[in-house]
Amino acid sequence: MKTVIKLLAALAAVGSFAGAIGLTVSASAQGYPSGPVQFIVPWPPGDFEDVLTRWVAEDMQAETGVPTAVVNRPGGGDGPFPGALEVLAAPADGSVIGSFVIGVPVIGPKIGIGIEEDSFEAVGIFLTYPFVLAASGDAPYSTMAELAAHAQGNDVVLGHFGAGLAPTQATFAAAKLMGFEFADESAFDLLDCNTLNAGDADVINTTLALIEPCLGDLNILANIGSERIGKLPDVGTLSEQSGINDLELWNGLFVKKGTPAEVKDKLAAIAEATMMSDRAQELMHETGARVYWQGADDAEARIVADRKKTAEFAEINAN
């Protein structure tokens with residue numbers, strides 16, 4: 001675990017790395033990549049999707065000899081969408097690839113920013129986050145039921161990555177079904193131990209990677225996923241505690257619509273090998289993240305199913 005924590009910390013310091021390579025040469029389907037390749041991660045460096053995307057980029061460069069970089073494009077309160085729009089504005093040739101959370105293809109088409117349901121094509125999904133609702137260890141609640149009871153007479157502030165994103169909408173829906181609501185909520189690029197220590201929020205939606213250094217000092221209220229996290233077997237899922245539909249929070253590689261099949265196939269082959277590598281599988285076993293490769297067809301079907309689930313959350317939140 002110490003090795004992984006050191007790796008995550010080191011990666012957090014390299015956010016400016018990606019700008020070191022000029023990335024203006026277009027790729028082509030034949031002999032892809034024929035020019036520099038850029039992966040856009042629309043979050044700060046250091047979390048699981050950043051680590052794994054960097055490993056894909058490293059493996060691509062090692063295999064092809066073409067300069068490959070990862071660019072972090074955190075969007076503040078706008079979540080991953082500014083980074084997604086940057087991919088959408090790029091050529092459909094595999095020279096710019098998005099490493100996107102579920103919110104980009106599932107929520108993006110619903111918010112009127114120029115992203116349509118067919119704007120991007122999935123190359124594949126490679127990560128399911130161990131995503132949790134966490135509070136300080138001295139908070140007077142350690143489960144969702146206790147939080148619901150506390151919130152009846154006390155203000156509780158939620159910190160999240162974006163109000164419209166899937167985990168936030170799931171959290172709002174769960175609260176509604178349990179008979180309470182948050183007094184306030186705020187979006188952050190980064191939700192970690194400091195967010196709680198500084199009192200910026202009472203409860204945060206975040207991944208285990210970002211709170212690993214202080215995990216033993218926190219109350220983990222729920223896991224947002226379809227099953228309990230192996231390293232937190234006593235923490236119930238948000239679904240089982242509230243009755244909302246279960247939802248997994250994932251990350252995958254996406255390209256602009258119209259990108260040649262040969263390009264997507266080459267990307268998929270490299271990314272799948274990366275996810276099956278010893279270092280990626282070690283990351284999974286040590287952290288509770290699920291690392292795998294789900295191909296384009298299955299990924300697209302998953303997106304359709306997740307759109308239905310998030311529509312259910314929206315209906316609950318609207319009533």
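The following paragraphs describe two sheets, an aromatic cluster and two buried residues in a predicted model.

The model is predicted, and local features were accepted only at pLDDT of at least 70, side-chain atom pairs only at pLDDT 80 or more, whereas totals for chains, interfaces and linings use all residues. Residues are numbered from 1 along each chain as its sequence is written, and side-chain values rest on heavy atoms, with hydrogens and water left out.

Helices (DSSP runs of H or I, at least four residues) and strands (runs of E, at least two) are numbered from the N terminus, and two strands are taken to pair if DSSP finds at least two bridges between them. An open sheet of 6 strands with mixed pairing follows the order S2-S1-S3-S10-S4-S11. Its edge strands, each pairing on one side only, are S2 and strand S11 (290-295), and neighbouring strands of this sheet are turned by 25° against each other on average, direction ignored. Strands S4 and S11 run antiparallel and are joined by 4 bridges, and Leu 127 stands opposite Val 291 in S11. Helix H10 (residues 261-275) packs on this sheet, where it touches strand S1 (37-41), S3, S4, strand S10 (250-256) and S11, and its direction makes about 155° with that of S11. Such angles run from 0 to 180 degrees between the N-to-C directions of axes, which are lines fitted to C-alpha atoms, for helices over the stretch in contact.

The structure holds 6 aromatic pairs (rings of Phe, Tyr and Trp, the last by its six-membered ring, with centres within 6.5 Å; planes under 30 degrees apart count as stacked, over 60 as edge-to-face and the rest as tilted). One of these involves Phe 100 and Phe 120, whose ring centres lie 5.2 Å apart with planes at 70°, so the pair is edge-to-face. The pair links distant parts of the chain, since Phe 100 belongs to strand S3 (residues 96-101) and Phe 120 to strand S4 (residues 120-128), 20 residues apart. Phe 100 is buried, with a relative accessible area of 0%, and Phe 120, at 8%, also counts as buried (buried means under 20% relative accessible area, exposed over 50%, and partly exposed in between, for a 1.4 Å probe and protein chains only). Together with Trp 250 and Phe 254, Phe 100 and Phe 120 form one aromatic cluster.

In strand S2 (residues 68-72) lies Asn 72, which is buried at 9% relative accessibility. The side chain of Asn 72 makes polar contacts with the side chains of Asp 50, at 3.0 Å, and of Arg 54, at 2.7 Å. A polar contact is a pair of N or O atoms within 3.5 Å; within protein, one must be able to donate a hydrogen and the other to accept it, and residues adjacent in sequence count only if both atoms are side-chain atoms.

Another open sheet, of 5 strands and mixed pairing, has the order S7-S6-S8-S5-S9, with strand S7 (184-187) and strand S9 (218-223) as its edges. Strand S5 (residues 131-136) pairs with S9 in the antiparallel sense over 5 bridges, and the bridge partner of Ser 136 in S9 is Leu 218. Helix H6 (residues 166-177) lies across S5, strand S6 (157-160), S7 and strand S8 (203-207), running at about 155° to S6.

Cys 193, in helix H7 (residues 193-197), is buried with a relative accessible area of 10%. Beyond its neighbours within four places in sequence, Cys 193 is in contact (heavy atoms within 4.5 Å) with Leu 210, Ile 211, Pro 213 and Cys 214.
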